[in-house]
Amino acid sequence: MRFVSLQDTLTTGMIKAARRAIIEKRHAILQHDGWEMTEASGLPFEETPPPSADSGVASRFVAVAKVGTIPEGQGCSFVVSGRQIAIFCRGGEYFATSDFCPHMGAPIADGYVDVDGGVVCPWHAWKFRLSDGCWLDNPKSKTRLECFAVRINGETIEVALPENQGAATSVDQ
C-alpha cells in the first residue's frame, strides 16, 4: 500500500492549477490580441490569425518610438493603444509584430533576430519572418506572428493599427 503525503497532494494540485492558469492566461492573451482559439482534441490549440493591416481593414499610424532607440538586431516592447507591440531593427529597417508568440504567448521582443530576417522566440525557439510573420519552422502552417506596417515620420517610428484599437498612446517605452 502506498501512502500519499499531504505535500504530494498539494504539489499535484498546484501543478494542475498552474497548468489551468497558464492555459487560461494564454487564452486571454490571444483573445486580447485578436486571435480565435478553439480546442481541437485537447492541447495544442488550432490558431487562426486575425486580418492583417493590409487586408482592407482601415488602419491608422500611431507614434511608438524615436528612430535610434531600438538597437540594431534587437527588439523592444511597447504598449500601443492597449496592445503589446514588439518593434525590431534589422539592417536599419524597422518591423512591428505582436509581442506575443502564437505558440505559448512568450514576449517575442525578448527573442533574437537572426541574419536571415527572422526572430526566434525566447521560450521554445519558434522562428518567424519579421516581414510577414510566417512561421519559418513550418511555412505551410496558418500559424503566424501578427505583423503591422511601419513608417518613419521625421524622427518617429509609427505603427499602423486597425482603427478599432482605441486612442493613441505616447512614445514612451
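Two strands count as paired if DSSP finds at least two bridges between them. The exercises below use this criterion on a predicted model.

**Exercise 1.** Determine how β8 and β9 pair, and where β8 and β9 stand in their sheet.

Solution.
- Step 1. Strand β8 covers residues 118-120 and is joined to β9 by three bridges. The cut-off is at least two bridges, so β8 and β9 pair. The sense is antiparallel.
- Step 2. One facing pair is Val-120 and Lys-127, the latter in β9.
- Step 3. The open sheet has three strands, ordered β7-β8-β9, with antiparallel pairing.
- Step 4. β7 (112-113) and β9 (127-129) are the edge strands; each has a single partner strand, so one side of each lacks a neighbour in the sheet.

**Exercise 2.** Explain why Cys-147 is in no disulfide, and state whether Cys-147 is buried or exposed.

Solution.
- Step 1. A disulfide requires two cysteine sulfur atoms within 2.5 Å.
- Step 2. The closest cysteine sulfur to that of Cys-147 belongs to Cys-134, at 9.8 Å, which is too far for a bond.
- Step 3. Relative accessibility is 16% for Cys-147, and buried means under 20%. Cys-147 is therefore buried.

**Exercise 3.** Find how many disulfides the structure holds, and check Cys-121.

Solution.
- Step 1. The number of disulfides is zero.
- Step 2. For Cys-121, the nearest cysteine sulfur is that of Cys-101, 3.8 Å away, and Cys-121 is in no disulfide.
- Step 3. Cys-121 has 4% relative accessibility and counts as buried.

**Exercise 4.** Describe the secondary structure and burial of the chain.

Solution.
- Step 1. The chain has one helix and 12 strands; from the N terminus, the helix precedes the strands.
- Step 2. Of its 173 residues, 40% are buried.

How values were computed. Residues numbered from 1 in each chain as written. Predicted model: local features only at pLDDT ≥ 70, side-chain atom pairs only at ≥ 80, totals over all residues. Heavy atoms only, no water. Buried < 20%, exposed > 50% of the residue type's maximum accessible area, 1.4 Å probe, protein only. Helix = DSSP H or I, 4+ residues; strand = E, 2+ residues; numbered from the N terminus.
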